Amino acid sequence: MPPPVRPEDRAAGAVPPPVRPEDQGDHLTVVVRHAGAGRDGRYDVRCHPEAGGHPDPAGACRVLDENTRWGRDPFAPVAPGTVCTMIHGGPATARITGTWAGRPVDATYDREDGCRIARWDHMVPLLPRIGASAWAGPRTGDPVQADPHAGDPARHEPRTGSPLQAGPRTGHSLRTGPRTGDPV
């Protein structure tokens, strides 16, 4: 429920126009592309009460309600300058339009890096679940692989050349490349 309009705002003409009947309530249209069979499509969802052609309108409304806080946009893009992991989460895209909490919505989603994957996953089940969680453990091709000698009690020292090995280098990066003090 929005706060009441103050008399000084009303006198200054700051009162928004009345809400049209077709704009009342929480109504969103979600268009998903390149997410795979059974996930791509156009879905309408209405909340309070839940309805629409979305596969899980109750779950979609629940995640929207959980992410809605006074003064914060639940559909906000990743802030410029945010440091994100360079993990590509696939070609899936989504666009959400409509009205939520009395405000217009026009938001786009993709899975181009770790921040955008997290932003997408934060809206599941409004958006479809894609693949496994990024935190489920190492996958083939990840830069850090399990040590084959990890369970060997006879081997207590770190492997030579391990990306996690402590040493004279400065910095905390797991990536390889020139660092202060490294031979060229």
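1. In this predicted model, strand β3, covering residues 93-100, runs against strand β4, covering residues 103-110, in an antiparallel pairing that extends over 8 bridges. The two strands form a hairpin with 2 residues between them, and within that turn A101 adopts a positive phi of about 55°. Across the pairing, T97 of β3 stands opposite D106 in β4.

2. The hairpin also carries a charged contact, since the side chains of D106 and R95 meet in a salt bridge with an N to O distance of 2.7 Å. Because D106 belongs to strand β4 and R95 to strand β3, this pair ties together parts that are 11 residues apart in sequence. As for solvent exposure, D106 counts as exposed at 52% relative accessibility, whereas R95, with a relative accessible area of 42%, is partly exposed.

3. The structure holds 4 salt bridges, and another of them joins R111 to D121, with the closest N and O atoms 3.1 Å apart. Here the link is between distant parts of the chain, as R111 sits in the loop between β4 and α3 (114-121) while D121 lies in helix α3, 10 residues apart. R111 counts as buried because its relative accessibility is 4%, which is under the 20% limit, but D121, at 32%, counts as partly exposed.

4. A further salt bridge is formed by D113 and R116, whose closest N and O atoms are 3.7 Å apart. Salt bridges that share partners join these two residues and D110 into one network. Within this network, D113 counts as buried at 11% relative accessibility, and R116 counts as partly exposed at 33%.

5. Turning to the nonpolar interior, the largest nonpolar core has 25 residues, and the members that touch the most others are F75, I96, Y109, W120 and L126. At least two residues of this core come from each of β1 (26-33), β2 (41-47), α2 (57-67), β3 and β4. Helix α2 supplies the largest share, which amounts to 4 residues.

6. Which residues does W120 touch, if those up to four places away in sequence are not counted? The contacts of W120 include V32, A92, T93, A94 and Y109, together with D110, R111, L127, P128 and I130. Several names in this list recur from the points above: Y109 is, like W120, among the core residues that touch the most other members, R111 is the partner of D121 in a salt bridge, and D110 belongs to the network with D113 and R116.

How values were computed:
Residues numbered from 1 in each chain as written. Predicted model: local features only at pLDDT ≥ 70, side-chain atom pairs only at ≥ 80, totals over all residues. Heavy atoms only, no water. Pairing = 2+ DSSP bridges. Core = buried A, V, L, I, M, F, W, Y, C linked by side-chain atoms within 4.5 Å. Buried < 20%, exposed > 50% of the residue type's maximum accessible area, 1.4 Å probe, protein only. Contact = heavy atoms within 4.5 Å.
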